[in-house]
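Let's take a friendly walk through a protein model together. Have a look at the sequence and the picture, and then we will go from one detail to the wider view and back again.

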Amino acid sequence: MASYSSESNAGTPSQNSGGGSEQHPLHIMDQRKRKRMISNRESARRSRMRKQKHLDDLRAQLSHLTAENGRLTTAVQATVQIYFAVEAENSVLRAQAAELSHRLESLNEIISIVNSRSFLPEEDIFIGDRGVSMMNNGPWSESNRLVTQPPVAPADILMY
């Protein structure tokens, strides 16, 4: 420390005493402050980098989730359209099933009526005040209409 000139040492009374022991702790404090300042700056830089990386990761995740949301929305819309098409088809099939069931009931009634009657080709069948002629035409001809009431047997048949 002897290399200092007297002009530069004039402002510091500790160097005039010749020990120089007080300068050393100040110098160490300045070094510690500089190290701490550099460390803080480096820590702040790392923190900013971490925050930037986290922000970039969140943006990438947002982009991925937005794309996935679009795909899922499209899939849901397609599924809804298919659902409505299937529902409409089911409605048509239910109506057709009801119509076919009604037709089957009617045909079963006709078969039951035909099986319960004995038609004689030359005989007239009278029901109430309305007569249905079966002469030479047969029960299924277009000119004859089957009635859903049971036939009334003539009195002379009941004697046998």
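How many aromatic pairs does the structure hold? There is one aromatic pair here. Its partners are Tyr83 and Phe84, whose rings sit 5.6 Å apart, centre to centre. The planes of the two rings make an angle of 55°, and the pair is described as tilted. Please keep in mind, as you look at these rings, that you are viewing a predicted model.

Stay with Phe84 for a moment. You can find Phe84 in helix 3, which covers residues 23-116. Is Phe84 buried or exposed? Phe84 has a relative accessible area of 53%, and a residue counts as exposed when that value is over 50%, so Phe84 is exposed. Both members of the aromatic pair also belong to a nonpolar patch on the surface, where Tyr83 and Phe84 are joined by Val76 and Val80. Taken together, these four residues offer about 410 Å² of accessible area.

Now let's step back and look at the whole chain. The secondary structure of the protein chain consists of three helices and two strands. If you trace the chain along its sequence, the pattern reads α-α-α-β-β. What share of the 160 residues is buried? Buried residues account for 7% of the protein chain. The chain exposes about 13900 Å² in total, and carbon and sulfur atoms provide 58% of that area. Contacts tell us something about the chain as well. Take the contacts between residues at least 6 apart in sequence: 29% of them join residues that are at least 24 apart.

Next, let's turn to charged side chains. Side chains of opposite charge can pair when their charged atoms come close. In this structure there are four salt bridges, and we will visit some of them.

Begin with Arg45 and Glu42, whose side chains meet in a salt bridge with a distance of 2.1 Å from N to O. Both residues lie in helix 3, three residues apart, which is about one turn of the helix. Arg45 is partly exposed, with a relative accessible area of 36%, and Glu42 is partly exposed too, at 31%.

Moving along, which residue forms a salt bridge with Lys53? The partner is Asp57, and the closest N and O atoms of this pair are 3.2 Å apart. Why are Lys53 and Asp57 separated by about one helical turn? The reason is that they stand four residues apart in helix 3. Lys53 is exposed, because its relative accessible area is 52% and the exposed class begins over 50%. Asp57, with a relative accessible area of 41%, is partly exposed.

Our last stop is the salt bridge between Glu99 and Arg103, where the closest N and O atoms lie 3.3 Å apart. Glu99 and Arg103 are four residues apart in helix 3, so about one helical turn separates them. Glu99 is partly exposed, with a relative accessible area of 38%. Arg103 has 49% relative accessibility and therefore counts as partly exposed, since the exposed class needs a value over 50%.

Look once more at helix 3 in the picture. Along this helix you can now place Phe84, the salt-bridge partners Arg45 and Glu42, Lys53 and Asp57, and Glu99 and Arg103.

Note on methods: Residues numbered from 1 in each chain as written. Predicted model: local features only at pLDDT ≥ 70, side-chain atom pairs only at ≥ 80, totals over all residues. Heavy atoms only, no water. Patch = residues over 30% accessible without salt bridge, like charges linked within 9 Å, V, L, I, M, F, W, Y side chains within 5 Å. Areas by Shrake-Rupley, 256 points an atom, 1.4 Å probe, with all protein chains shown as cover. Buried < 20%, exposed > 50% of the residue type's maximum accessible area, 1.4 Å probe, protein only. Contact = heavy atoms within 4.5 Å. Phe/Tyr/Trp six-rings, centres within 6.5 Å; stacked < 30°, edge-to-face > 60°.
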